[in-house]
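Visitor: Before going through this entry, I would like to put some questions about its side-chain pairs, its surface and its confidence values. Could you show me the chain, please?

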Amino acid sequence: MRITLLTCISLIILQFPLLAQKQSKSSDDAQTMLGINITNTLAGFFNSGGQDVPKDPFLFSFKTLKNNKVWRFGMNGNYNQKDEDLNGGFLTTTESSAKLRIGREWVMPLHKRFDLYYGFDAVGTYDFEKSKFDFNSGLLSKDYLMGFGAGPFLGVYFKLGEHVRFSTETYAYGIYYYGERLDNIGSGLPDQKKRISNFSFLPAMPNSLYVHFIF
């Protein structure tokens, strides 16, 4: 079984609560919650095809909690560049993306171990891809896509201990996307541009598991 970097990071983080001091806080004290989406990690451990599991696209979570009211932030991103030598030409492909959400959350205790939470998020996305082929006059293709939207969410916390919680949630975001694609085929010909815009409604069932550490 292949152990990924995310798996190693998760194992290290999971050891932290064992070292945390067991200090109780009143409901008036502000608390910080750091979370990570461990859906693919668990699927990898159980050899259940984690790469095929649909998931919440936000890998990291940061929350500030006071009086059962929470400001929350979620984020994810990647960058990849690949260089290839193809039949005397040189192809460079660059891909990058970023996702961010900011929301207000309210928590309602249900049981000693369970809390219900709900609220509203604002979300933003950015995707960029560029391909450049250096052969004679050179070829270039690049496109970007940005998205902005918002929507409600509803989830459940399971309190493993004073400093650790698990959560899963459902949400429904409406997002407007716009962008542009540019192709340059060289030989002195003009660039070909195409503008892109569309609206998507993205409801999601609870399909991701987060672990949160409280400080």
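Visitor: Which residues do ring pairs link into a cluster?

Guide: This is a predicted model, and a search of the whole structure finds eight aromatic pairs in it. Where such pairs link several rings, a cluster results, and its members here are Tyr-117, Phe-153 and Tyr-157.

Visitor: Is the pair of Phe-114 and Phe-158 stacked, edge-to-face or tilted?

Guide: Among the eight aromatic pairs found in the structure is one that joins strand β5, where Phe-114 lies, to strand β6, where Phe-158 lies, so the pair ties together parts that are 44 residues apart in sequence. Relative accessibility is 36% for Phe-114 and 30% for Phe-158, so each of the two counts as partly exposed. The ring centres are 5.3 Å apart, and because planes under 30 degrees apart count as stacked and those over 60 as edge-to-face, the angle of 55 degrees makes this pair tilted.

Visitor: Which strand gives the most residues to the nonpolar surface patch?

Guide: The patch covers about 770 Å², and its members include Trp-106, Met-108, Tyr-118 and Leu-154. Tyr-118 belongs to strand β5 and, with a relative accessibility of 35%, counts as partly exposed. At least two residues of the patch come from each of β4 (89-109), β5 (114-134) and β6 (139-159), but the strand that gives the most, with three residues, is β6.

Visitor: Is Glu-105 buried or exposed, given that its side chain takes part in salt bridges?

Guide: The side chain of Glu-105 meets that of Lys-63 in a salt bridge with an N to O distance of 3.0 Å, and as Lys-63 lies in strand β2 (residues 60-66) and Glu-105 in strand β4, the pair ties together parts that are 42 residues apart in sequence. A salt bridge of 3.6 Å, N to O, is formed by Glu-105 with Arg-72, linking strand β4 to strand β3 (residues 69-86) across 33 residues. Arg-72 has a relative accessibility of 3% and counts as buried; because buried means under 20% relative accessible area, the 0% of Glu-105 makes this residue buried.

Visitor: How far apart are the closest N and O atoms in the salt bridge of Asp-143 with Arg-181?

Guide: This pair is one of the 10 salt bridges found in the whole structure. In the pair, Asp-143 is partly exposed at 21% relative accessible area, and Arg-181 is partly exposed at 34%. The distance between the closest N and O atoms is 3.2 Å.

Visitor: How many strands does the chain have?

Guide: Read from the N terminus, the elements follow the order α-β-α-β-β-β-β-β-β-β-β. Of the contacts in the chain with a separation of 6 or more, 66% are between residues 24 or more positions apart. Beside its two helices, the chain has strands numbering nine.

Visitor: Over which residues does pLDDT stay under 50?

Guide: Across the chain the mean pLDDT is 81, and 76% of the residues reach 70 or more. One stretch stays under 50, and for this stretch the model has 32 contacts beyond four places in sequence, so its placement deserves a careful reading because pLDDT is the predictor's confidence in each residue. The stretch in question is residues 1-27.

How values were computed: Residues numbered from 1 in each chain as written. Predicted model: local features only at pLDDT ≥ 70, side-chain atom pairs only at ≥ 80, totals over all residues. Heavy atoms only, no water. pLDDT = per-residue confidence, 0-100. Contact = heavy atoms within 4.5 Å. Patch = residues over 30% accessible without salt bridge, like charges linked within 9 Å, V, L, I, M, F, W, Y side chains within 5 Å. Areas by Shrake-Rupley, 256 points an atom, 1.4 Å probe, with all protein chains shown as cover. Salt bridge = Lys/Arg side-chain N within 4 Å of Asp/Glu carboxyl O. Helix = DSSP H or I, 4+ residues; strand = E, 2+ residues; numbered from the N terminus. Buried < 20%, exposed > 50% of the residue type's maximum accessible area, 1.4 Å probe, protein only. Phe/Tyr/Trp six-rings, centres within 6.5 Å; stacked < 30°, edge-to-face > 60°.
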